[in-house]
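User: I am new to this structure and would like a guided reading. Please take me through a few features, one at a time.

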Amino acid sequence: MVERVYLARPRGFCAGVVMAIRAVEKEARRSEGDLVVYHQIVHNETVVKRLEEDYGVHFVEDLAEIEELKKRHRLSGKIVFSAHGVAPEVRKRAAELGLLQIDATCPLVTKVHTEARRYAELGYTILLIGDSADHQEVKGTLGEAPENTILVAVHTQVGKDPRLADPRTVEVPDPERVVVLTQTTLSVDDTDATIAILKGRFPKLITPSRSDLCYATKNRQDAVRRIAPHVDLFLVLSSRHSSNGMRLFELASALTRALRIDGPEDLNEALFERVQNVGITSAASTPEDLVQGTVAWLKARWPGLEILEDGEWEQIRFREPAVKTPEEVLSELP
């Protein structure tokens, strides 16, 4: 019988996700014609489905898809880039197509892009730690300095993606001129350990003065650590493709029994046999109504359960992105 639910705080939407979703909603409302978004605006299927159904948004993985969309839909002539960022070549191609651009890249990802360009210009080899060469954030950062960048796996994930080098064996042209950058949504502990391995191999390795891991990633992982000792089961609401959500699930699984769910529809009472205390957290791209729906599902079956919530909400806000003309975009590109 479930007696207690511990709600992690913070959880759910971070400032970058809020900014990106609002940018899409705002442009979709005021645009004459359907809005196109490059890649899922955030990695959550519920968010994407709602934007498609409620706002008529079209998501594409290749700019070439826009020509086909034009045959069936009246488009706005605008494109929004997802919170994960894009490579400069994508922005350039979109400008060549005459599209107005709204760059909803999270500012913390943009910071990593800026570091990649700066160190490449100085002649450094960039070791970019990521969880997959296919992750949109990794592709975007790599695109800033492809000739100078080597993708490196987190030390616990070596071999899962053969395109990512092993931090224990990766080689660089000049060990005296090497810098490490990271995807923003990785495990804090695993990233620190991976950087320590690289530092041991390359004593002159430069690490940015501020961590590339975003504040939301760290805060949500810290909240899981606080709650895990008190629960028999941890529910992690996250899409399977959310990097930060899957890292939350891995962390919770290492500390207690854990389940990843998309929403309350994934639950059944058999999962809660011999469970008294339940923890709940959610990825930075998971809507809060899915969390509350999960709590409601539990309350409907165990009406007397106690809801405990501890921790602080984040107060960070990001400015909405501007609409830029093709000419403005081309003038900014290197």
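User: Which residues do ring pairs link into a cluster?

Analyst: Rings of Phe, Tyr and Trp (its six-membered ring) pair if their centres lie within 6.5 Å; planes under 30 degrees apart count as stacked, over 60 as edge-to-face and the rest as tilted. Here ring pairs join Phe272, Trp297 and Trp302 into a cluster. The structure holds five aromatic pairs. A word on the basis: this is a predicted model, where local features need pLDDT of at least 70, side-chain atom pairs count only at pLDDT 80 or more, and totals for chains, interfaces and linings use all residues. Residues are numbered from 1 along each chain as its sequence is written, and side-chain values use heavy atoms, with hydrogens and water left out.

User: Which charged residues sit over rings?

Analyst: A charge sits over a ring if NZ of Lys or CZ of Arg is within 6 Å of the ring centre and within 35 degrees of the ring normal. Arg118 places its charged end over the ring of Tyr119, 4.5 Å from the centre. Arg177 lies over the face of Tyr124, at 4.4 Å from the ring centre.

User: How do I read a sheet, and what is the strand order in the open one?

Analyst: Start with the elements: helices (H or I, at least four residues) and strands (E, at least two) are DSSP runs, numbered from the N terminus. Two strands pair if DSSP finds at least two bridges between them. In a regular strand the side chains alternate between the two faces of the sheet. In this open sheet, three strands follow the order E7-E6-E8, with parallel pairing. Strand E7 (149-153) and strand E8 (178-182) are the edges, each pairing on one side only. From one strand to the next, the twist averages 30°. Strand E6 (residues 125-130) pairs with E7 over five bridges. Ile129 stands opposite Val152 in E7.

User: Which helices lie across those strands?

Analyst: Axes are lines fitted to C-alpha atoms, for helices over the stretch in contact (heavy atoms within 4.5 Å). Angles run from 0 to 180 degrees between N-to-C directions. Helix H5 (residues 107-121) lies across E6 and E8, at about 165° to E8. Helix H6 (residues 136-144) lies across E6, E7 and E8, at about 175° to E6.

User: What is a nonpolar core, and which residues have the most contacts inside the largest one?

Analyst: Buried means under 20% relative accessible area, exposed over 50%, partly exposed in between (1.4 Å probe, protein chains only). A nonpolar core is a set of buried Ala, Val, Leu, Ile, Met, Phe, Trp, Tyr and Cys residues joined through side-chain atoms within 4.5 Å. The largest has 29 residues, and Val24, Ile41 and Val80 have the most contacts inside it. Helix H1 (15-30), strand E2 (34-38), helix H2 (45-55), H5 and helix H8 (215-227) each supply at least two of its residues. H1 gives the most to this core, with eight residues. Apart from that core lies another, of 19 residues, including Val275 and Leu290.

User: Is Ser211 buried or exposed?

Analyst: Ser211 counts as exposed because its relative accessibility is 53%. Ser211 is in the loop between helix H7 (188-201) and H8.

User: How many residues of strand E1 are buried, and which strands does E1 join?

Analyst: Strand E1 (residues 4-8) has four of its five residues buried. Four bridges join E1 to strand E11 (residues 277-282), in parallel. Tyr6 has Gly279 as its bridge partner in E11. Five bridges join E1 to strand E12 (residues 306-310), also in parallel. Arg4 has Glu306 as its partner in E12.
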